[in-house]
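Trainee: Please take me through one part of this model closely, the pairing of its strands and the contacts around them, and give the cut-offs as you go.

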Amino acid sequence: MKVIAIKCQAELDLLPESFDEFTVVLIKSTERINISQNRKNSYIEVRENSRVNVYGDGRVVALEESQIRAWGNSRIEAYEDSQVEFWGD
């Protein structure tokens, strides 16, 4: 399993739509990150008080007091005092 650490929106936007090897995209950011797609063969994990907005078919695991806002068909798992707001489906 491969892990890619992301600290800003620009780094996330540079990732491919699909990974050859199963990959965890680990977000540790003080800025709000927007996630609008689920990249194939991966999932996104949000840690350490990071904040993300999830749109469309995004899929996120939130840990360590992270904050998530989700719209559309997003799927969220939240642990360890994380906060989640949902809209739509």
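Mentor: R51 stands opposite Q67 in β7, and this pair belongs to the parallel pairing in which strand β5 (residues 51-54) is joined to strand β7 (residues 67-70) by four bridges. Two strands are taken as paired if DSSP finds at least two bridges between them, while the elements themselves are DSSP runs numbered from the N terminus, helices being H or I over at least four residues and strands E over at least two. The model is a predicted one, in which local features need pLDDT of at least 70 and side-chain atom pairs count only at pLDDT 80 or more, whereas totals for chains, interfaces and linings use all residues. Residues are numbered from 1 along each chain as its sequence is written, and side-chain values use heavy atoms, with hydrogens and water left out.

The β5-β7 pairing sits within an open sheet of four strands, whose order is β3-β5-β7-β9 and whose pairing is parallel. At its edges are β3 (33-35) and β9 (83-86), each of which pairs on one side only. Neighbouring strands of this sheet are turned against each other by 15° on average, direction ignored; for such angles, axes are lines fitted to C-alpha atoms (for helices over the stretch in contact), and the values run from 0 to 180 degrees between N-to-C directions.

A second open sheet has five strands in the order β1-β2-β4-β6-β8, again with parallel pairing. Here the edge strands are β1 (2-6) and β8, each pairing on one side only, and the average turn between neighbouring strands, direction ignored, is 25°. Going across this sheet, β1 is joined to β2 by five bridges, the two running parallel, and I4 has V25 of β2 opposite it. Strand β4 (residues 40-46) and strand β6 (residues 59-62) also run parallel, with three bridges between them, and I44 faces V60 of β6 as its opposite residue. β6 then pairs with strand β8 (residues 75-78) in the parallel sense over four bridges, where V61 has E77 of β8 as its bridge partner.

The loop between β4 and β5 deserves a slower look, since E48 is found there. At 46% relative accessibility E48 counts as partly exposed, the scheme being buried under 20% relative accessible area, exposed over 50% and partly exposed in between, with a 1.4 Å probe and protein chains only. E48 has a positive phi of about 55° although it is not a glycine; most residues other than glycine have a negative phi.

The side chain of E48 also meets that of K28 in a salt bridge, at 3.5 Å from N to O, a salt bridge being a side-chain nitrogen of Lys or Arg within 4 Å of a carboxyl oxygen of Asp or Glu. Because K28 lies in the loop between β2 and β3 while E48 lies in the loop between β4 and β5, the pair ties together parts that are 20 residues apart in sequence. K28 is itself partly exposed, at a relative accessible area of 36%. A search of the whole structure finds two salt bridges, and R47 takes part in one of them with E45, the closest N and O atoms being 2.6 Å apart. Within that pair, R47 is partly exposed at 24% relative accessible area, whereas E45 counts as buried at 10%.

The loop between β8 and β9 holds E80, which likewise is not a glycine and has a positive phi of about 55°; its relative accessible area of 48% makes E80 partly exposed. S82 has its place in the loop between β8 and β9 as well, but S82 is buried, with a relative accessible area of 17%. A polar atom of the side chain of S82 lies 2.7 Å from the backbone oxygen of Y79.

Returning to the five-stranded sheet, F22 is found in strand β2 (residues 18-27) and is partly exposed at 34% relative accessibility. Together with M1 and V3, F22 makes a nonpolar surface patch of about 320 Å². Patches are made of residues with over 30% relative accessible area and no salt bridge, like charges being joined within 9 Å and nonpolar side chains (Val, Leu, Ile, Met, Phe, Trp, Tyr) within 5 Å; accessible areas come from the Shrake-Rupley method with a 1.4 Å probe, and for residues only the protein chains shown count as cover.

Notes
A polar contact is a pair of N or O atoms within 3.5 Å; within protein, one must be able to donate a hydrogen and the other to accept it, and residues adjacent in sequence count only if both atoms are side-chain atoms.
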